[in-house]
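Trainee: Could you take me through one part of this model in close detail? I would like to see how a single helix sits among its surroundings, and then how the rest fits around that picture.

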Amino acid sequence: MTARTQRTRLLAAGAVAASVSLVLTGCGSSKNEGGGAPNASATVNEVKADAKLAALVPADIKSAGKLVVGADASYAPDEFKDDSGKIIGMDVDLANAIAAKLGLKAEVQDSGFTAIIPGIQSNKFQLGMSSFTDNKEREQAVDMVTYFNSGSAIAVKKGNPDKVDPKDLCGKKVAVQTGTTQADEIKDTRNPDCAKSGKPGIPNDGDKFDLQTDVTNAVVSGRDQAMMADSQVVDYAIKQAGGQLEKLGDTYGVAPYGVALAKGSPLSPAVQGAIQSLIDDGTYKQILTKWSVEAGALDKSTVNGAVS
């Protein structure tokens, strides 16, 4: 299992930590030096409306002319804010492209991660695009339309000074975002395994933060010894940290992300069709390449296809 199941803020101490925070929150240009880095200014083909897909859009949404999309803008490179405060990222570009296929505009709104699904259920949002893993538990509350594959990964300070073993985190201080799959992994799997082995567990079932940027800062500042997050998020944080972090071990637990919609929504097949059309016409691959996450590309989008 990967990605955010559901996702606090650590104020970095001192000027050095504060400057690190600016880097990790994506302030300044989203371009990075070096091959394979995300490039927020990369061009993507213009997306035109598909009449057949647009015909699937419910009348009230068609009349409003927009899709309101909830996203927790602290999870670069999937969704985060640039130096002007604009929400950008892979999910934002995909939301815009999905809306365009349906003859609509996307209005992406920043939201606390754990408030997005309740917001969909209360009709505040039509879509949730915020690195949600598609799983059976989620599908009981919302429809999930798959669009990306992601795994979990672990990062530590460069050189691994605390000698963290990715297969044995028992007794280590580990930072995670609140409500994520990684937070659940510590509580439901890693700490019970530590107890079975007679070892001390990860304190407090992980050092939990509401914002992923603060998870990363906790490791850079030395507050915590390791961080767990989605694989492409860890990769991006390492690039942004300027040599202060390194990935530990391999990516594991790969599973699809899903766009969240109201359970049984008539909009779900329209969104699935739009994603599949974007895959087929190459726009999808352009967007993923722009954000340097093309390794997570899917060939086929499905509605409620979780296997676990």
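Mentor: Happy to; we begin with one helix and work outward from there. Please keep in mind that this is a predicted model.

The part I would pick is helix α7, which covers residues 181-196. Its 16 residues, at 1.5 Å a residue, should span 22 Å, and the end C-alpha atoms are 21 Å apart, so the two values agree. That agreement sits alongside a kink of about 35° in α7, centred on Lys187.

Now look at which residues of the helix are covered. Thr181, Gln182, Ala183, Glu185, Ile186, Arg190, Asn191 and Cys194 are buried in α7. A general point helps in reading that list: an α-helix has 3.6 residues a turn, so residues three or four places apart point the same way. With that in mind, follow Ile186, Arg190 and Cys194, which are among the buried residues. As for what covers them, the buried residues of α7 pack against strands β2 (74-75), β7 (142-157), β8 (174-177), β10 (226-230) and β11 (245-262).

Ile186 has a further role in the picture, and for that we need the nonpolar cores. The largest has 56 residues, and Leu102, Leu267 and Val271 are those with the most contacts inside it. Leu102, leaving out residues up to four places away in sequence, touches Leu53, Ala54, Val57, Leu67, Leu267, Ala270, Val271 and Ala274. Separate from this is a second core of 12 residues, and Ile186 belongs to it, as do Ile154, Val174 and Ala226.

Let us next leave the helix at its end. Just after α7, Gly198 takes a positive phi of about 75°. Gly201 follows in the loop between α7 and β9. This glycine counts as partly exposed because its relative accessible area is 28%. Setting aside neighbours within four places in sequence, Gly201 is in contact with Cys170, Gly171, Asn191 and Cys194. Two of those names should be familiar, since Asn191 and Cys194 are buried residues of α7. Gly201 also lies 7.8 Å from Leu169, C-alpha to C-alpha, with their positions 32 residues apart in sequence.

Asp205 is found in that loop between α7 and β9 (207-209) too. Its phi is positive, about 55°, although Asp205 is not a glycine. With a relative accessible area of 25%, Asp205 is partly exposed. You can set it beside Lys163, another non-glycine residue with a positive phi, here near 50°. Lys163 is in the loop between β7 and β8, and its relative accessible area of 68% makes it exposed.

Strand β2, one of the elements packed against the buried residues of α7, leads us into a sheet. In this open sheet, 3 strands are arranged in the order β2-β3-β4, with antiparallel pairing. β2 and β4 (87-88) stand at the edges with a single partner strand each, so one side of each has no neighbour in the sheet. Between β2 and β3 there are 2 bridges, and Ser74 stands opposite Phe80 in β3.

The loop between β2 and β3 (79-81) holds Pro77. The peptide bond from Ala76 to this proline is cis, with omega near 5°. Pro77 in turn is in contact with Val293, which also contacts Met90, Phe148, Gln232 and Leu288 once neighbours within four places in sequence are left aside. Val293 lies in the segment after α11 (283-290) and counts as buried because its relative accessibility is 5%. Val293 and Asp235 are 58 residues apart in sequence, while their C-alpha atoms are 9.5 Å apart in space.

One last stop is Asp93, in helix α4 (residues 90-101). Its relative accessibility is 16%, and the cut-off for buried is under 20%, so Asp93 counts as buried. The side chain of Asp93 makes a polar contact of 2.8 Å with the side chain of Lys290. Apart from residues up to four places away in sequence, Asp93 touches Ile287, Lys290 and Trp291.

To return to where we started, α7 is kinked at Lys187, its buried residues pack against five named neighbours including β2 and β11, and Ile186 is part of the second core.

Notes
Residues are numbered from 1 along each chain as its sequence is written. This is a predicted model: local features need pLDDT of at least 70, side-chain atom pairs count only at pLDDT 80 or more; totals for chains, interfaces and linings use all residues. Side-chain values use heavy atoms; hydrogens and water are left out. Helices (H or I, at least four residues) and strands (E, at least two) are DSSP runs, numbered from the N terminus. Buried means under 20% relative accessible area, exposed over 50%, partly exposed in between (1.4 Å probe, protein chains only). A polar contact is a pair of N or O atoms within 3.5 Å; within protein, one must be able to donate a hydrogen and the other to accept it, and residues adjacent in sequence count only if both atoms are side-chain atoms. Contact means heavy atoms within 4.5 Å. The expected span of a helix is 1.5 Å times one less than its number of residues. The bend at a residue is the angle between axes fitted to the seven residues ending there and the seven starting there. Two strands pair if DSSP finds at least two bridges between them. A nonpolar core is a set of buried Ala, Val, Leu, Ile, Met, Phe, Trp, Tyr and Cys residues joined through side-chain atoms within 4.5 Å.
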